[in-house]
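Visitor: Could you take me through one part of this model up close? I'd like to hear about the aromatic rings and whatever sits around them.

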Amino acid sequence: MSYIPPELHRNILVRLPAESLFRFRCVCKLWLGIIDDPSFIRAHTNNELYSHTLLLVNRLGPTLYSFSLDSLNYIKGPQMIDPTCIKRLIEPSLPAKLQNFFYLAFCNGLILISQQNWRIWNPLTGDIHKLSRHYISHDNVVGYGLGYDGDADDYKVVMIHKSLVHGIININFVYKTIVYSLKSDSWSKIQNCPCIPRDSRGTFWNGALYWPSNAGVIALHLGTNSYCMLPLPPTVNFVECFCVTLDALDGYLIYSRCYTMGTFDSWVMKDNGVEKSWIKLISLQYSPDGISLRLRLVAYLSSKEQVLVQMDSHFLWFDIGNNSVLKFSIPGIPNIISSRICPGSLVRLNVRGSVSGLGSC
């Protein structure tokens, strides 16, 4: 066999999915060294930002399923997903005492879960990291999120909690913020959040966590621990708007809203922080009586001008360029599910002080 330079091995491996790479670590020492290298993991994580893997969450239990959107046939008319394309993720990695928990936030294939205490879980590797204790009652938490600080190579958990402030005349709320560092295994206080989030779950995108609010989009830069406010898309009517979500899809920040009158709108931010950069992505009209009110945009393929919208346990795949729609369902999955694009992650959580290093094969 002819000699292949190590850098060529690296350039090939970095393009493969995390699930395959995690197995390939046992192929040879060369591959183990490449895949274990922190710089390789960071490069692979950046590639996975454009993943087409859809994670299906059973809200009634901890079971996770996934399948690739590339398995769709894109033919006209309703279709059922081939069950052989659906993968059940590693559930035994969770001890029995952690089986009843809630999914809080997602970032780069890692999941923040809550069961008495908060934990970060990597479903691919099976690693679970319990966060150190804090003094905040969960009843007072109004916002949270999981994100990655690229400058420090550190994953961080953010918690926003309301606190009463007694003034001379009035009693007001302030929204204090604490940040957990996975590297240091510690919490720290930062500046207060400027306003209360409309949706408690933060969305990680481009080095910051984002929450929608009535005053604008709240942005917390994880490198500087500083807040700023971004403008909302135009013509937002909060009187009739009952559901607002933010998502990071295909490298873009997506703002979506549902109206009681039966309208679903999604906008994509093309230029961070500029109001005119909000571009209308899709607008749907539906009957509130015949279709679930809570539609959610769960995938965006910008190169193909295609979007995926979840509607109860069914999905609608819109081809914006061709003005066509494909409806499909997934057999064998409980009806009450949520879904999101979530790639696999090679990050290991069981080595303190190093979130990128991997353990032995």
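**A close look at the rings**

Guide: Before the rings, a quick stop at helix H3, whose buried residues pack against helix H1 (6-13), helix H2 (18-24) and helix H4 (38-47). Those buried residues are Ile-34, Ile-35 and Asp-36, in a helix that covers residues 29-36. Keep in mind that this is a predicted model.

Now the rings: the structure holds 7 aromatic pairs. Take Tyr-148 and Tyr-155, where the ring centres are 4.7 Å apart and the planes meet at 45 degrees, so the pair counts as tilted. Both Tyr-148 and Tyr-155 are buried. Then there's Tyr-255 with Trp-278: here the centres lie 5.9 Å apart and the planes are at 65 degrees, which makes the pair edge-to-face, because that label applies over 60 degrees. This pair ties together distant parts of the chain, with Tyr-255 in strand S18 (residues 252-259) and Trp-278 in strand S20 (residues 278-285), 23 residues apart. Tyr-255 and Trp-278 are both buried.

One ring has a charge for company: the charged end of Lys-162 sits over the ring of Phe-173, 5.4 Å from its centre.

While you're browsing, two backbone spots are worth a click. Most residues other than glycine have a negative phi. Asn-225, though, has a positive phi near 55 degrees, and its place is the loop between strand S15 (217-221) and strand S16 (226-230). Asn-225 is partly exposed, at 21% relative accessible area. Glu-305 also has a positive phi, near 55 degrees, in the loop between strand S21 (296-301) and strand S22 (306-311). Glu-305 counts as partly exposed too, at 44% relative accessibility.

How values were computed
Residues are numbered from 1 along each chain as its sequence is written. This is a predicted model: local features need pLDDT of at least 70, side-chain atom pairs count only at pLDDT 80 or more; totals for chains, interfaces and linings use all residues. Side-chain values use heavy atoms; hydrogens and water are left out. Buried means under 20% relative accessible area, exposed over 50%, partly exposed in between (1.4 Å probe, protein chains only). Helices (H or I, at least four residues) and strands (E, at least two) are DSSP runs, numbered from the N terminus. Contact means heavy atoms within 4.5 Å. Rings of Phe, Tyr and Trp (its six-membered ring) pair if their centres lie within 6.5 Å; planes under 30 degrees apart count as stacked, over 60 as edge-to-face and the rest as tilted. A charge sits over a ring if NZ of Lys or CZ of Arg is within 6 Å of the ring centre and within 35 degrees of the ring normal.
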